[in-house]
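Subject: Handover of a structure, with notes

Dear colleague,

I am passing on to you the structure shown below, and after it you will find my notes on what came out of it. Please read them with the structure open beside you.

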Amino acid sequence: MQNPRAKGGFAKILGLVALVIIIIFGMFMLSSDSFEKESPTINLQSNSWNLKGTFPIEISDNAGIKSYQVALIENGQRIPIDAQQLTEQDSMCAIKNANTAPLTQNITAQSPIKSFCIGIQKPQSLKNNVPSISLEVSVTDTSKWNFFKGNTTTEQFHIQIDTKKPQIAIVANSYKITQGGSALVIFKAEDENLKSVKITNGILDFTPQPFYKEGFYISLLAWSKLHEDFNAKIIAQDNAGNISIAPINYFKQKKQYRDSTIPLSDAFIDGKISSLVEEIGERNLEDFDSKLAIFRYINEEVREETFNRIFKASSFVDTESLIEDFSIAAFSPLKNGAVMASFGDHRTFTYQGKNVSESNHMGLDLASIKQAPVILNNPGVVTLNEFVGIDGNALVIYHGLGLSTLYAHLTSSEVNVGDSLARGTFIANTGNTGLALGDHLHFSVLVQGYEVWNAEWMDSSWIKTNITQVIAQAKDIINKL
Ligand SMILES: [Zn+2]
């Protein structure tokens with residue numbers, strides 16, 4: 001005869017074991033990635049669309065995406081739309097590091113893809129001139145939660161249809177630009193959904209700043225001495241994908257810059273060049289296999305590094321604050337300075353009778369007495385004060401409107417980065433730090449980081465005609481609008 005108490009005890013043990021198994025399984029489900037409960041997210045790249053090209057929708061999930069669906073909602077009805085995975089190359093899809101493996105709309109769970117863009121084309125049923133559309137996007141992840149169905153997110157989006165291009169109107173611009181020199185443009189750019197406004201000269205880009213009244217912009221631009229062509233255009237883009245391009249017509253004047261040949265001597269490389277290598281301290285002289293390699297390192301690698309540091313300190317453009325006005329005096333960087341070398345000089349270096357390297361002198365060299373005082377004759381903010389290779393101890397000062405000046409080969413300087421300096425401030429003494437063959441000041445003018453022909457900015461009548469009067473004329477026009 002069995003003991004009923006024993007039987008009940010056995011059932012209790014069985015129940016306990018089952019409970020433990022359920023708890024363990026439940027804990028496994030809760031902790032396992034395969035059963036995670038986080039739903040996918042859906043983000044639109046833009047709330048407006050011009051119905052041309054592809055409209056991107058960003059979808060992501062922490063575990064992976066199993067499937068997605070897009071439908072147009074029209075009069076309460078769901079009309080499915082074909083959506084394709086976009087690659088990184090699709091310009092409107094901003095996802096970085098997206099996995100671009102080919103996909104169908106039902107993705108296998110073997111290789112879960114965590115974030116990518118899908119794109120839709122204009123739905124065929126859509127009538128023209130609709131002001132907006134509603135989309136329903138549904139995304140399911142690879143989780144085994146919900147009895148292996150996964151987590152699904154379904155969201156509706158309202159998208160404004162905008163087929164109107166941004167409007168660009170040039171208000172005023174300087175009449176002419178010289179190769180190597182600067183120019184000014186003031187214009188209006190308007191759009192309900194304006195996304196970006198930029199200027200290109202065909203090779204280099206410039207960022208305009210808000211000017212005077214809402215919707216107006218101002219920018220200096222440069223034609224690099226190093227480039228043969230210059231074709232200035234304003235490019236405005238809206239969030240719906242509409243782009244407008246307006247050419248800026250300048251009278252273009254080519255300029256012949258000086259060419260010279262400089263033979264390199266062993267004494268020069270063993271002297272100035274080698275001591276500069278030691279001062280920079282990045283490489284040992286013993287690491288080079290020839291004198292020529294030492295020169296090339298300084299003239300090519302270090303020169304580029306120097307350019308990059310100066311560029312970084314002088315290319316920032318404040319697109320938030322409104323420029324009410326801009327006035328600048330003709331720069332006069334060194335009192336009684338004699339010109340030792342001019343802007344734009346192209347130098348070919350020869351060694352043992354062969355052309356071995358070259359450079360472009362992108363500033364003006366002025367010399368007076370040793371350790372001559374450098375006095376700032378335009379107010380500005382210090383954006384760089386350091387030893388920068390070729391330029392030695394250098395200062396960069398920002399004067400507004402994307403315009404900076406560089407003072408190089410200095411002995412020492414009392415000013416600090418961030419200092420706001422008044423006109424007439426003593427900023428440094430000249431010297432021969434960096435690649436300098438004697439005490440002098442190397443002075444450069446930079447427009448959004450690019451060196452320009454300094455002579456224009458040292459000429460008050462050029463400034464009056466090309467900057468001051470253009471700004472005054474533009475304000476006059478804007479005031480009458
Ligand atoms: Zn120089």
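Both faces of strand β15 are covered, with Phe216, Ile218, Leu220 and Ala222 buried on one side and Tyr217, Ser219 and Leu221 buried on the other. In a regular strand the side chains alternate between the two faces of the sheet. Since 7 of the 7 residues of β15 are buried, this strand is largely enclosed by the rest of the structure. Please keep in mind throughout that this is a predicted model.

The strand belongs to an open sheet of 4 strands, ordered β9-β11-β15-β14 and paired in the antiparallel sense. At the edges of this sheet stand β9 (167-173) and β14, each of which pairs on one side only. Going through the sheet from the β9 edge, one meets 6 bridges between β9 and strand β11 (residues 182-190), which pair antiparallel, and here Ile170 has Phe187 in β11 as its bridge partner. Strand β11 is then joined to β15 by 7 bridges, again with the two running antiparallel, and Val185 finds its bridge partner in Ser219 of β15. On the other edge, β14 and β15 are paired antiparallel over 2 bridges, with Ile218 in β15 as the bridge partner of Gln209.

The connection between β14 and β15 deserves a separate look, for these two strands form a hairpin with 5 residues between them. Tyr212 is found in that loop, between β14 (209-210) and β15 (216-222), and its phi is near 65°, a positive value in a residue other than glycine.

A second open sheet also has 4 strands, in the order β13-β12-β16-β17, and its pairing is antiparallel. Its edges are β13 (205-206) and β17 (243-247), and each has a single partner strand, so one side of each is left without a neighbour in the sheet. Within this sheet, strand β12 (residues 194-200) pairs with strand β16 (residues 233-238) in the antiparallel sense over 6 bridges, and the bridge partner of Val197 is Ala236 in β16.

Elsewhere in the chain, strand β3 (residues 55-74) and strand β4 (residues 77-81) run antiparallel and are joined by 5 bridges, with Leu72 having Ile79 in β4 as its bridge partner. These two strands form a hairpin with 2 residues between them, and in the turn Asn75 has a positive phi of about 50°. Another positive phi, of about 55°, is seen at Asn336, which is not a glycine. Asn336 is found in the loop between α3 (291-314) and β20 (338-341), and with a relative accessible area of 69% this residue is exposed.

Turning to the metal, which protein atoms are the donors of the zinc ion? They are His361 through NE2, Asp365 through OD, given twice, and His442 through ND1, and they lie 1.9 to 2.8 Å from the ion. The 4 donor atoms subtend angles of 52 to 152° around the zinc ion, which makes the arrangement irregular. For comparison, ideal angles at a metal are 109.5 degrees for four tetrahedral donors. Along the sequence, the spacing of the donor residues is H-x3-D-x76-H. Because Asp365 lies in strand β23 (residues 364-367) and His442 in strand β30 (residues 441-447), the pair ties together parts that are 77 residues apart in sequence. Asp365 and His442 are both buried.

The last item is the largest pocket, which has a volume of about 1100 Å³. It is lined by 42 residues, of which the closest to its centre are Arg303, Arg347, Ser359, Asn360 and His361, and His361 is also one of the zinc donors described above. Of the elements around the pocket, α3, β20, β21 (345-351), β22 (354-361), β23, β27 (403-410), β30 and β31 (450-452) each supply at least two residues of the lining, with the largest share, 8 residues, coming from α3. Sorted by class, the lining holds 19 nonpolar, 14 polar and 9 charged residues.

With best wishes

Note on methods
Residues are numbered from 1 along each chain as its sequence is written. This is a predicted model: local features need pLDDT of at least 70, side-chain atom pairs count only at pLDDT 80 or more; totals for chains, interfaces and linings use all residues. Side-chain values use heavy atoms; hydrogens and water are left out. Donors are N, O and S atoms within 2.8 Å of the metal (3.2 Å for Na, K and Ca); water is not among the atoms, so sites may look incomplete. Four donors count as tetrahedral if all angles lie between 85 and 135 degrees; four count as square planar and six as octahedral if opposite donors are over 155 degrees apart and all others between 65 and 115; anything else is irregular. Buried means under 20% relative accessible area, exposed over 50%, partly exposed in between (1.4 Å probe, protein chains only). On a 1 Å grid over the protein atoms alone, a cavity is a set of points where a 1.4 Å probe fits but cannot get out, and a pocket is an open set with protein on both sides within 12 Å along at least five of seven lines; lining residues have an atom within 4 Å of a point. Grid points are joined across faces, edges and corners, and a volume is the space filled by probe spheres set on the points. Ala, Val, Leu, Ile, Met, Phe, Trp, Tyr, Cys and Pro count as nonpolar, Asp, Glu, Lys and Arg as charged, and the others, Gly among them, as polar. Two strands pair if DSSP finds at least two bridges between them.
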